[in-house]
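Hello,

Here is the structure I promised to send over. Have a look at it first, and then read on for what turned up.

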Amino acid sequence: MPVPSYWLKAVGHARGPLAEDWLERRPELLRRTGFPRRPRIEPGDRLVLYASVWRRVFAVCEATGEPEPREHPRWPWTIAIETLLVVPALDAAPPVEAIGVAARSMSQQSHIRIGEEHYARAVEALASVAR
């Protein structure tokens, strides 16, 4: 099995941030995520979901499918994901800086490649919320 790549994936944007009750209103966000262009993400890659505007990481996921085109004006590409860990309350989720990534690095980006160490810190930070 190939070594996975790790990604920080923005969800929401300045004019449309995630709502506090996002899990009740948009549970599909834990099954599929969208992109403005075809991403280089492959099945088995790991994603850390980042709530734009909130500047918090709230889930870790695994890509389970290839990128697929879809009819959507803003996010015409999509990938199926399996959520491995989630903190539903965004105000309780760790800030992105807790994983060693500056919030400004996500400016105008839908996703960025991160290192395995950033992913490991995200898993630890999200799990620590449950303690």
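Thr78 sits in strand E6, which covers residues 77-86. Please bear in mind throughout that this is a predicted model. With a relative accessibility of 4%, Thr78 is buried, because anything under 20% falls in that class. Setting aside residues up to four places away in sequence, Thr78 touches Arg32, Thr33, Gly34, Glu66, Pro67, Glu68 and Arg70. One of these neighbours deserves a second look: the side chains of Thr78 and Arg32 are joined by a polar contact of 3.3 Å.

Arg32 also takes part in a salt bridge, and its partner there is Glu68, with 3.9 Å between the closest N and O atoms. Arg32 belongs to strand E2 (residues 32-35) and Glu68 to strand E5 (residues 68-69), so this pair ties together parts of the chain that are 36 residues apart in sequence. Both partners are partly exposed: Arg32 has a relative accessible area of 30%, and Glu68 comes to 36%. Note that Glu68 and Arg32 are both on the list of residues that Thr78 touches.

The strand pairing around E6 fits in here. E2 and E6 run antiparallel and are joined by four bridges, with Thr33 standing opposite Ile79 of E6. E5 also pairs with E6 in the antiparallel sense, over two bridges, and there Pro69 faces Trp77 of E6. E4 is a further antiparallel partner of E6, this time over five bridges; in that pairing Cys61 is opposite Thr83 of E6.

Back to the charged pairs. How many salt bridges are there in the model? The count is four, and besides Arg32 with Glu68 I can point you to two others. Glu62 and Arg46 meet through their side chains, at 3.4 Å from N to O. This pair links distant parts of the chain, as Glu62 is in strand E4 (residues 56-63) and Arg46 in strand E3 (residues 46-51), 16 residues apart. Arg46 is partly exposed, at a relative accessible area of 25%. Glu28 and Arg26 form another salt bridge, with their closest N and O atoms 3.6 Å apart. Here too both residues are partly exposed: Glu28 has 36% relative accessibility, and Arg26 has a relative accessible area of 39%.

Now for the nonpolar side chains. In soluble globular proteins, such side chains tend to be buried together. Here the largest nonpolar core has 37 residues, and the members that touch the most others are Leu8, Val48 and Phe58. Two or more residues each come from strand E1 (6-11), E3, E4, E6, strand E7 (111-114) and helix H2 (116-128). Which element gives the most to this core? That is E4, with six residues.

To see the core from one of its best-connected members, try centring your view on Leu8. Leaving out neighbours within four places in sequence, Leu8 is in contact with Val48, Tyr50, Val57, Val96, Ile99, Val101, Met106, Ser110, His111, Ile112 and Ile114. Val48, as said, is another of the residues that touch the most other core members.

If you want one element to start from, I would pick E6: Thr78 lies in it, E2 pairs with it, and it gives residues to the core.

Happy browsing, and do write back with any thoughts.

Best wishes

Key. Residues are numbered from 1 along each chain as its sequence is written. This is a predicted model: local features need pLDDT of at least 70, side-chain atom pairs count only at pLDDT 80 or more; totals for chains, interfaces and linings use all residues. Side-chain values use heavy atoms; hydrogens and water are left out. Buried means under 20% relative accessible area, exposed over 50%, partly exposed in between (1.4 Å probe, protein chains only). A polar contact is a pair of N or O atoms within 3.5 Å; within protein, one must be able to donate a hydrogen and the other to accept it, and residues adjacent in sequence count only if both atoms are side-chain atoms. Contact means heavy atoms within 4.5 Å. A nonpolar core is a set of buried Ala, Val, Leu, Ile, Met, Phe, Trp, Tyr and Cys residues joined through side-chain atoms within 4.5 Å. Two strands pair if DSSP finds at least two bridges between them.
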